[in-house]
Amino acid sequence: MAYIFNFSLVFSYFPEFFAGLGLGIWLAVSSLFFGMIIGLALAYCAVSKNRPLRMFASGYVMLLRNIPLLVITFFCYFGLPDWGLMLNKHASFIFALSLYSGAYLTEVFRAGLLAIPVGIIEAGAAIGLRRFQILLYIQMPIMFKNVLPALSNNFISLFKDTSLASSIAVAELTYLARKVNTITFRVIEVWLIVGAMYVVACYLIAFFLRRVERRFRIQ
Amino acid sequence: MSDSLLQIRGLGKWFGPHKVFSGVNLDIDQGEVVTIIGSSGSGKTTLLRCINLLETFQEGTIHLNGEELGYTTSGYHRRRLSEAHIANQRIHTGMVFQQFNLFPHMTVMKNVTLGLVKVKGMDRQSAEAEAKKWLTRVGLAEKINSYPSQLSGGQQQRVAIARAIAMNPLIMLFDEATSALDPELVGEVLNVIKELARDGTTMIVVTHEMRFAYELSDKTVFMDDGKIARVGTPKEIFIEKDHPRLREFLATFNADIAGSSA
Amino acid sequence: MGAGFIENILRSQNAILAGISNTLSASLLAIAISTIFGILFGIILTYGNKYVKLPFRLYVDIIRGIPALLIVFAVYYYVDFWLRAWNVNLPPFTAGFIALSLNAGAHVAENTRGALETISRGQIDAGRAIGMKFRQILLYILLPQAFVRMLPPWINIMTEIIKGSTLLSLIGVAELMLTTQQLIARYNDALQYYAFAGFVYFLINITVEQIGRFAEKKMSRGLNA
């Protein structure tokens, strides 16, 4: 039985697909934002002299990195209401993905902090910089420049992870692909087109981020 | 039959449009020690690597002990031999590299026996006995269970020499064997090479050590700009220096070989 | 809460164990397939000429730009569509581990390539100089050194596969995730069951990582001597 290609049928869904893609990026950016807050806080815990803090950080990382994102997603969306924490689908997924990415970002920021030469911190103290809060004006910028490549990689992974939002019926690209596939039965075209959209999106994001990296390196 | 052990005829190599060397003719007899000197870019290292077929060449032939290396040439038709066939031919040439290239995950003993066991098919005991013999010859008997990272540069290079010569090749090729060594370690390696020469090993030595080349060679080849500019006895090359480019080249080394100003 | 939950778990232990068994078998199949092909592709990507490399390069770059879930759906719907024409029912399990293998294979390939490229080409020269064929050089010189460098990322890939097996629940494979959801539907409770599932995955992955770290320590004797 011959398969009759009908790309134009699938192409007609392009506006929806692009909306789904945009939603995915929005989910990724939001999760990155909250994840970075978690990651930064835990990274400072991880390098602190306080043993319980260190253990808390490493415990969090170990826990969140070894549990599948899907479990975390379902736990947050279906499970947390049992404790009275009800969020809508989008917020719930961003919450879950932030927790998940926070674990990975902790490692990224921790490596970034440890890579700062001790001498620079000592120099800051030597010129009388008041407190650690002001030392942060030296540490943070250097660390961010160091971790930019790892951050970029993490963001692209986050973007791909947003596909799991489809499991709780968030209308991002993967969910739409499934929907259109079910409606039109154009199996080859749908997955080819959506796959291509993801590949191109990832390439563009990577390209854009590399240019950002380069601009920060010149300084 | 007065055929030489190694016969190179009309050898030429190009990298695309760029000529590395051409028109190279060379004969090396059994037991002869030939040194090749010349500035970097003269093609001498590439020439050496062609002899053991690590590099391809576009023109000419190389015959080792009567067998054509790397290609079969019948008339004007020239075909490259299979990789398996070439691998077998490399058993008869031994090469010592500038960067030693020891296998870091293997002990000294294993470095030397690997070829004996896996290529020549020797059994483990015979291979280890052979390896021990050569490692003792190069003065490293107590290091057989060490790893390369635990050895100095000079020691590593001596292991590399043992590894190459344990395969019992017809000819040994030394590619600037001491150029990557700290000055105080150069001597121990040069001494090993000199001893091998004294024992009658046929060898081609590409080197920058002029005094060493003068003392060691039966014949010295001066390469310049992709051609063999001058072949002669050490006396002719280092003392008489009867070639203008040769004189320029040797002048940069500031080595007055004979000890007395000419 | 509490006692009722534990009772329910014990009552359903067969289903849970069956779910875990499916999780592990799908993961193991994917690990095996992706490792074998991934290493092979990685060798080609490192040492092949530019024409031979191209399809594998494309494969790796495309897979890395697509979410794993998309691959799972695509493989499932695509293969299911074709088999429907022949009236064959595709077990989603098969589509599942194939999709996981496709995804992980690209990562193993890149991992292998990265490890092999750190080995200096001079060692290949040295191997050739003593008359070794490339097959032997690969087996005795290159791969032994690459393995130690490949191990930590490979352990990571393994845990990613195990985590990825949860995606198979979305195409109807009765692995642990789907089983958990069935329990939730049955006992009308959610949070504890998801926490339980999370705990099981956590245990599995931690165990895998510990074994991996142990193996890594044993292997790096030679290089660090």
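1. Contact here means heavy atoms within 4.5 Å. By that rule chains A and B do not touch, and their nearest C-alpha atoms lie 27 Å apart. The model is a predicted one, and the points below concern its interfaces.

2. There are 2 pairs of chains in contact, and the pair formed by chains A and C shares the most contacts. The other interface treated here joins chain B to chain C, with 27 residues of chain B in contact with 20 residues of chain C.

3. On the interface of chains C and A, 34 residues of chain C are in contact with 37 residues of chain A. The two chains bury about 3300 Å² between them, and carbon and sulfur atoms account for 73% of that area. The side of chain C that touches chain A draws two or more residues from each of these helices of chain C: α3 (50–63), α4 (68–85), α7 (134–164), α8 (176–187) and α9 (191–219). By class, this side of chain C has 22 nonpolar, 6 polar and 6 charged residues.

4. As for specific pairs between chains C and A, the rule finds 0 salt bridges across the interface. Polar contacts are present, with a count of 10 residue pairs, both residues at pLDDT 80 or more. Charged residues are nonetheless found on the side of chain C that touches chain A, where they number 6.

5. Chains B and C bury about 2000 Å² between them, 62% of it on carbon and sulfur atoms. Of the area that chain B buries against chain C, 25% comes from B:Phe103, B:His105 and B:Lys118, more than from any other three residues.

6. Between chains B and C the count is 1 salt bridge. The side chains of B:Arg49 and C:Asp125 meet in a salt bridge, at 3.0 Å from N to O. The same interface has 6 residue pairs in polar contact, again with both residues at pLDDT 80 or more.

7. The side of chain B that touches chain C takes two or more residues from each of α2 (83–89), β8 (93–96) and α3 (108–118) of chain B. Divided by class, the residues on this side of chain B are 15 nonpolar, 8 polar and 4 charged.

8. To sum up the arrangement, chain C is in contact with chain A and also with chain B, while chains A and B do not touch. The interface of chains B and C has 1 salt bridge, whereas 0 are found between chains C and A.

Note on methods: Residues numbered from 1 in each chain as written. Chains lettered and ligands numbered in written order. Predicted model: local features only at pLDDT ≥ 70, side-chain atom pairs only at ≥ 80, totals over all residues. Heavy atoms only, no water. Buried area = accessible area lost by both parts, 1.4 Å probe. Salt bridge = Lys/Arg side-chain N within 4 Å of Asp/Glu carboxyl O. Polar contact = N/O pair within 3.5 Å; in protein donor to acceptor, adjacent residues only side chain to side chain. Helix = DSSP H or I, 4+ residues; strand = E, 2+ residues; numbered from the N terminus. Nonpolar A, V, L, I, M, F, W, Y, C, P; charged D, E, K, R; others polar.
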